[in-house]
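Trainee: I have a new model open and would like to learn how to read it. Where shall we begin?

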Amino acid sequence: MTPNENCCVVACESPLDQNYWDAQYQAQQTGWDLGCCSPAFQALVNRIENKNAALLIPGCGSSYETEYLLSQGFTNITLLDIAPTLVNNLQVKFAKFHQVNVVLGDFFAHQNQYDYILEQTFFCALPPALRVQYVAKMHELLKPNGQLMGLLFDTTFEVSPPFGGSKDEYISLFESAFTLLKLDKTTLSVPKRLGSELAFQFQKKGEILISTYQFKGITCMGCKTSVMEKFAAIPTVLSAQMNLAFDFVLLTSTTPIALSDLQAAIAYDSDYQLTPLN
């Protein structure tokens, strides 16, 4: 998407849920649709040598990427999207291709494991408050040494979605759970996105543990910073992240973290409540 490719003509006030995205496809309001597989995406896919690797494309959209993958001989492709209208269309489109499995579902509820997850305008369609959850879920869905690769926007937008970002933001977001093999501006973007995309390739870290929690009681950025510092100070904790909604925590560690240690760290405020999610 570019600033002229927004799915809305005004800032979205509706929840970005299944009904919202299905309505976009029913109304054919898909301004983000390139109509082809991006050359920058093709260049990344060409790095994958194992044609039988298990691939996932979440928030797959019209999935011109799948057509390219099939042309290159890939045999195990899963497409995931939350919009029933789109999924029905894709199931018809790829009905004759046993290599392609089209799934209707919520990415955050999806269960399976993959060698590669391919990102193409899914991350930017999610509210920024979900980005920490995105990192945790990607780590969960990848096999040991699995890779997340694709394109991320290196720009901001006046109207959202899409939601933009920057290289520095992405490093801060992903480096605790992934080894960043590549994160660079690409020169292979289609003309209307030239200069606004980063090509990336991240490998799942296998030497760490990811723990996720629901958090209640924080209402301001200062409190969030204080709590994250408390968690980060616990022995074996490598990093602590909280989402923008102040209700989700991701911790990376070298060994399992005792819940009692986390609760002790936030005992100074009786409003704080922490509940393990995994």
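Mentor: Let's start with a loop: P161 is found in the one between β5 (142-153) and α6 (167-174). Such labels come from DSSP runs numbered from the N terminus, helices being H or I over at least four residues and strands E over at least two. This is a predicted model, so local features need pLDDT of at least 70 and side-chain atom pairs 80 or more, while totals for chains, interfaces and linings use all residues. Residues count from 1 along each chain as its sequence is written, and side-chain values use heavy atoms, without hydrogens and water.

Trainee: Which residue does a cis peptide bond join to S160?

Mentor: Its partner is P161, and omega for that bond is about 0 degrees. Step along the chain and you meet another cis peptide bond, joining P161 and P162 with omega of about 5 degrees. P162, too, sits in the loop between β5 and α6.

Trainee: What about phi? Which residue in strand β5 should I look at?

Mentor: Look at N145, which is found in β5. Its phi is positive, about 70 degrees, although N145 is not a glycine. For surroundings, use relative accessible area with a 1.4 Å probe on protein chains only: under 20% is buried, over 50% exposed, and anything in between partly exposed. N145 counts as exposed, at 55%.

Trainee: And is T121 buried or exposed?

Mentor: T121 is buried, with a relative accessible area of 18%. T121 also has a positive phi, about 60 degrees, and is not a glycine either. You will find T121 in the loop between β4 (114-120) and α5 (131-141).

Trainee: Now a helix, please. Which residues of α3 are buried?

Mentor: In α3, which covers residues 64-71, the buried ones are E65, T66, Y68, L69 and L70. They pack against α2 (39-45), β1 (55-58), β2 (77-81), β3 (100-104) and β4; contact here means heavy atoms within 4.5 Å. After α3 comes G73, with a positive phi near 90 degrees.

Trainee: How many strands form the open sheet, and in what order?

Mentor: There are 4, arranged β9-β10-β8-β11, with antiparallel pairing. Two strands pair if DSSP finds at least two bridges between them. The edge strands, β9 (237-242) and β11 (273-276), each pair on one side only.

Trainee: Over how many bridges do β8 and β10 pair?

Mentor: β8 (residues 209-216) and β10 (residues 248-253) are joined over 6 bridges, in the antiparallel sense. To find your place on screen, pick L209, which stands opposite S253 in β10.

Trainee: Which strands does helix α7 touch?

Mentor: Helix α7, residues 221-232, packs on the sheet and touches β8, β9, β10 and β11. Another helix to display is α5, which lies across β8, β9 and β10.

Trainee: Let me try a recap. The loop between β5 and α6 holds P161 and P162, and a cis peptide bond joins these two prolines. T121 is buried, whereas N145 is exposed.

Mentor: Nicely read! Add the sheet to your picture: β9 and β11 are its edge strands, and α7 packs on it.

Notes
Axes fitted to C-alpha atoms, helices over the stretch in contact; angles between N-to-C directions.
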